[in-house]
Amino acid sequence: SYQWLRTQAPVFFGPGITQPISSALQRVMYNSIVSSIAQRMIDGGMPQAVATAKAQETVDSRGGVSVAADMTVPGVFRTPQLNLGLFHESSLHLTDRLTATLGLRYDLNRVDVSYDTKAVMSLTANVMGSEATNRVASALRHSAHNAYNQLLPKVGLVYSVGNKGNVYASVSKGYRSGGFNIQMFSDILQTELMANARRAQQGDYDVPHTAADYRRVNATIAYKPETSWNYELGTHLNLFGGSLHLDLAAYYMQVRNQQLSVMAGTYGFGRMMVNAGRSRSCGVEATLRGSALDNRLAWTATYGLTHATFRDYVDSVKVDGRLTPVDYRGKRVPYVPMHTIGCAADYTVPFAHGPLDNIRFGLNLTAQGSTYWDEANLYRQKMYAVLGAHADLRFRRVLTVSLWGRNLTDTRYNTFAIGSAATGTKQYFAQRGCPVQAGVDIKLHF
């Protein structure tokens with residue numbers, strides 16, 4: 001397969017972002033001018049405290065210092081991807097009841113990125129009645145590519161117990177290709193602008209880039225492939241003459257270079273993929289399906305327990321302006337609910353005469369939680385449940401009218417949440433789940 005993708009992603013910054021920048025530069029310029037004037041007074045013999053107060057009075061009386069910043073980050077990114085897979089799988093019947101499955105896949109992936117983006121910050125400074133507008137700009141135009149390949153083996157055993165079902169065990173290697181982050185370019189470019197903002201006091205300035213700079217950028221935006229070893233033991237059973245079906249499985253996963261979606265590091269503009277060192281996931285999944293009352297009542301119930309934790313993941317976070325290492329070993333992997341529950345029951349009332357074939361009534365319940373939204377496990381979604389119901393009227397296999405309701409209990413929950421410090425203060429943003437919903441679906445069958 002080959003995928004072409006072109007992304008045009010302009011980023012615009014409103015006053016929530018530009019105002020803190022303006023205020024910071026205004027303080028720097030004000031203090032620099034006051035210090036320069038005060039130093040001349042000190043050289044003339046005036047005490048430092050008096051000189052500083054006089055310098056501040058001079059600057060303030062002549063209009064003071066004000067700075068207004070405006071910033072945009074236009075960008076065009078091309079990210080083609082090539083994937084080649086060669087695979088084979090064989091089933092070997094060792095005995096009448098025992099079957100072995102042997103599989104092998106070779107995966108080759110090439111990911112490319114070509115970027116043409118820049119950041120432009122215009123600074124309008126009014127210094128004691130004299131106004132000037134200068135700009136500082138940083139442009140990045142380059143390309144990079146990475147290639148990854150993996151051999152992915154698979155071994156499985158299935159033991160049949162006749163009409164009652166089977167028992168199975170499997171071991172396989174999993175793989176997700178690496179790639180490049182493009183959402184974090186605004187973070188990279190603003191870092192460069194802030195590091196060179198003072199140069200705009202002397203005039204327009206374009207940040208230069210060397211081959212070494214581009215190597216660092218390409219290394220920063222790249223993330224590695226994720227690999228895993230997966231072990232599973234389970235059974236599929238038909239019980240009570242086939243009126244009850246049981247699926248039961250236990251699994252264990254060892255993941256290396258786990259790919260995590262996080263907010264971009266320095267300023268938090270956009271999400272990016274990073275690699276954790278190692279994680280471990282284990283759990284069980286169970287499903288029961290059955291029917292009763294001459295197959296008029298059909299029901300199902302499922303339960304999943306997942307315990308996913310980091311085994312080796314050290315990251316850096318800013319504490320009091322300094323990068324400090326943080327060890328997430330033992331923390332839960334974000335976005336993975338510990339419990340998932342689902343159950344549903346449908347009852348069908350058939351009609352021998354009249355326009356109706358049947359009416360089917362149903363109830364369903366889904367629940368999940370708790371789910372952490374960050375690798376530090378600071379905030380999470382608690383366990384919640386959502387109740388639904390429906391009534392389907394089928395008219396002679398041609399027309400079906402469905403009346404349905406979702407989240408009938410009006411449960412308040414979040415489907416996703418992120419934390420961002422883009423404005424200088426850590427804030428949390430969440431997407432809330434839908435409240436009570438009701439509707440009608442009409443289907444025509446031809």
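This passage describes a helix pair, three loop residues with notable backbone geometry, and a strand pairing in a predicted model.

We may start with the helices. Two packed helices are described by the angle between their axes and the distance between the axes. Here, helix H1 spans residues 15–43 and helix H2 spans residues 48–61, and their axes come within 8 Å of each other. The crossing angle is roughly 130°, which makes H1 oblique to H2. An angle has to be over 145 degrees to count as roughly antiparallel, so the term oblique applies to this pair. The crossing of H1 past H2 is right-handed.

The contact between the two helices can be followed residue by residue. From H1, the participants are Tyr30, Ile33, Val34, Ile37, Ala38, Met41 and Ile42. On the H2 side, they are met by Gln48, Ala51, Thr52, Lys54, Ala55, Gln56, Thr58, Val59 and Asp60. By residue class, the contact of H1 with H2 comprises ten nonpolar, four polar and two charged residues.

Attention now turns to the loops, where the backbone offers a few details worth a look. A cis peptide bond links glycine 369 to serine 370, with omega at about -10°. Serine 370 lies in the loop between strand S22 (356–369) and strand S23 (371–372).

Two asparagines also deserve a mention. Asparagine 295 has a positive phi of about 65°, although it is not a glycine. This residue is placed in the loop that runs between strand S17 (278–292) and strand S18 (297–312). Its relative accessibility is 58%, and asparagine 295 therefore counts as exposed, the threshold for that class being over 50%. Asparagine 407 likewise carries a positive phi, near 50°, in a residue other than glycine. The loop that holds asparagine 407 connects strand S26 (399–406) and strand S27 (414–420). With a relative accessibility of 2%, however, asparagine 407 counts as buried, because buried means under 20%.

Strand S26, which precedes the loop of asparagine 407, also brings the description to its last element. S26 pairs with S29 in the antiparallel sense, and the pairing extends over eight bridges. Within this pairing, glycine 405 stands opposite alanine 438 in S29. Strand S29 itself covers residues 437–444 and is hardly covered: of its eight residues, the number that are buried is zero.

Definitions and conventions: Residues numbered from 1 in each chain as written. Predicted model: local features only at pLDDT ≥ 70, side-chain atom pairs only at ≥ 80, totals over all residues. Heavy atoms only, no water. Axes fitted to C-alpha atoms, helices over the stretch in contact; angles between N-to-C directions. Helix = DSSP H or I, 4+ residues; strand = E, 2+ residues; numbered from the N terminus. Parallel < 35°, antiparallel > 145°, perpendicular 65-115°, else oblique. Left-handed = near helix turned anticlockwise from the far one by under 90°. Contact = heavy atoms within 4.5 Å. Nonpolar A, V, L, I, M, F, W, Y, C, P; charged D, E, K, R; others polar. Buried < 20%, exposed > 50% of the residue type's maximum accessible area, 1.4 Å probe, protein only. Pairing = 2+ DSSP bridges.
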